[in-house]
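Hi everyone, thanks for coming. I'd like to walk you through one model today, with its two ligands as our stops along the way.

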Amino acid sequence: MTITVEQTYNNHINGVWKTDSEEKKPSINPAHPREVVGYYTMSESATLHEAVEAAAAAKREWRKMAEPARGDILYKAAAVLEARVEEIAETMTKEMGKTLPEAKGETMRGVQILRYYAGEGMRQNGDVIPSTDKDALMFTNRTPLGVVGVITPWNFPVAIPVWKIAPALVYGNTVVFKPAQEAAVTAAKVVECLAEAGLPEGVLNFVTGSGSVIGRGLAEHPDVNGITFTGSEQVGRGIGQAALARGAKYQLEMGGKNPVIVTEDADLDAAVDAVISGGLKSTGQKCTATSRVIVQSGVYEGFKEKLLTKVKDIKVGDGMNKDSWMGPCASEKQFRSVTSYIETGKQEGAALLCGGETMPEEGYYVTPAVFDNVDPDMTIAREEIFGPVLALMKVETLEEAIETANDTEYGLSASIFTNNIQESLSFMDDIEAGLVRINAESAGVELQAPFGGMKNSSSHSREQGEAAKEFFTSIKTVLVK
Ligand SMILES: NC(=O)C1=CN([C@@H]2O[C@H](COP(=O)(O)OP(=O)(O)OC[C@H]3O[C@@H](n4cnc5c(N)ncnc54)[C@H](OP(=O)(O)O)[C@@H]3O)[C@@H](O)[C@H]2O)C=CC1
Ligand SMILES: CCCCCC(=O)O
């Protein structure tokens, strides 16, 4: 395997892009599995330790920097990232399959997130609280955690790392960042933008490698004060247990099995468009993606017919091709997982109405699949598939619909389509989800609002917007006499 220097993306530790002798691994294009997008380092534990020590050494000076000055660096990073949107979006599409328009939109979202948190550098971070002692002044002040480990998945390779790293930095933490292997090259380019903006040495460190070595190492490292993770429930639980065992703060955003309820009062065309967008954009690889479609019997057949007509029209292909509406699964591992779930759905008696076809000779493509007659206890109704698979479920009443929607271990996002205000209010009140959407798709969260789930979708903190401050800082209550 001849590795060219320009294709190699190294770790970034203490302000230096490290050239090292550690093993390099190719990141491949899921639309053309013989194409190498770039090579990244399969780092060893010693490298992680070096990165954590650099972050620990930098934390005091970074904490002492004026918060507006920290914000200014994020404004510069936003400008650098914006100047590279086309290049980084293309890298994202080639590395994990998301269509180019989606990749550009996500990269611009990263720019906006950087600007949002840059502005946080000028906003208040405490309150004056009246003391019972008339001669005393009591107020709160926030202080950073110290060194924060950032562990991210492959499905939003710019937005998720940025919505963790930007608040971590502006609130005064130093960072060690470990991206998913399937998105290591895209992640390296995001770090390039932040480094170019002028972060002091050791403030942001970047280490690629396997989750079981680098990710686990971050969760267990005694000098890492906080861990923010987004990924699968299984991995998240392990990280949370490791952090808890040593008293570190942790934040976990995990899986989803997101429902859309379509009532007899729904605009069926709007509901169809939202289910397609929410369930199939990004090849269904969003934690907020629609996977269960719960339809009242009176409109079930009409909705199903409209849905199938549009789903069958979806163009699947290389995300770089402007005619492609949906790209491939992000990796061979994801492709095998999705096709396995489709087989399980058929074996358990659900009716595959369309889709599920593959073109393995070309790439990790799966045509969007729609299952009918799905029972709540079928595997495809209970487990997160993280692919282009929709499960149609029929109910008689709104109460039954909400009960079915809540019948899951997850609670991330949930939508309802109805023009009946009472149904909307009942849904808003009774649905067990962190993201509640009325006449809107289950995906498409906004950066300025709290983001996170209930039940097994989350460790119950919230990311994004002002909510991020709660995780990345600790509150000091100060009394002065
Ligand atoms: N709730 C939310 O906001 C979101 C949730 N997700 C969830 O993420 C999953 C898909 O993303 P995916 O990347 O496959 O998720 P994974 O959980 O497999 O991986 C997420 C990250 O954790 C790392 N990791 C793997 N094993 C360990 C370990 N033992 N200790 C520490 N870190 C580890 C991975 O590294 P490596 O790449 O080396 O394996 C990767 O960087 C889906 O379940 C989806 O629901 C995705 C996006 C958003
Ligand atoms: C981590 C998942 C992000 C979801 C982004 C969206 O729904 O647009």
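Before we start, one working term: when I say polar contact, I mean a pair of N or O atoms within 3.5 Å. Please also keep in mind that this is a predicted model.

With that in hand, let's go to ligand 1. The side chain of W154 has an N or O atom 2.9 Å from an oxygen atom of ligand 1, so by that cut-off the pair counts as a polar contact. E384 also reaches ligand 1 through its side chain, with an N or O atom 2.5 Å from a ligand oxygen. From A180 the partner is a polar backbone atom, 3.4 Å from an oxygen atom of ligand 1. How much of ligand 1 does the protein bury? On its own the ligand exposes 890 Å², and the protein buries 88% of that.

Now the wider surroundings. Ligand 1 takes up the space of the largest pocket. Three elements each give two or more residues to its shell: α7 (211-220), β10 (226-230) and α8 (233-245). Of these, α7 makes the largest contribution, with three residues. The shell holds 30 residues in total, and the closest are T152, Q181, S232, M254 and E384. You'll recognise E384 from a moment ago, as its side chain is the one at 2.5 Å. Sorted by class, the shell comes out as 14 nonpolar, eleven polar and five charged residues.

On to ligand 2, which sits in the second largest pocket. Around this ligand we find R109, F156, I160, W163, C287, T288, A443, G444, V445 and F451. By class that gives seven nonpolar residues, two polar ones and one charged one.

Which residues put polar atoms by the oxygens of ligand 2? T288 does, with a polar side-chain atom 2.6 Å from a ligand oxygen. R109 does too, where the side chain places an N or O atom 3.4 Å from an oxygen of ligand 2. V445 uses its backbone instead, with an N or O atom at 3.5 Å from a ligand oxygen. As for cover, ligand 2 alone has 280 Å² of accessible area, and the protein covers 98% of it.

Last, the annotation. An unreviewed UniProt entry lists residues 17-478 as "domain: Aldehyde dehydrogenase". In our model that span is 41% helix and 20% strand, and its end C-alpha atoms lie 41 Å apart.

That's my tour, and I'm happy to take questions.

How values were computed. Residues numbered from 1 in each chain as written. Chains lettered and ligands numbered in written order. Predicted model: local features only at pLDDT ≥ 70, side-chain atom pairs only at ≥ 80, totals over all residues. Heavy atoms only, no water. UniProt positions renumbered as here; feature names shortened; annotations may be inferred. Helix = DSSP H or I, 4+ residues; strand = E, 2+ residues; numbered from the N terminus. Near = heavy atom within 4 Å. Polar contact = N/O pair within 3.5 Å; in protein donor to acceptor, adjacent residues only side chain to side chain. Areas by Shrake-Rupley, 256 points an atom, 1.4 Å probe, with all protein chains shown as cover. 1 Å grid on protein atoms, 1.4 Å probe; cavity = no way out; pocket = protein on both sides within 12 Å on 5 of 7 lines; lining within 4 Å. Sits in = over half its atoms within 2 Å of the grid points. Nonpolar A, V, L, I, M, F, W, Y, C, P; charged D, E, K, R; others polar.
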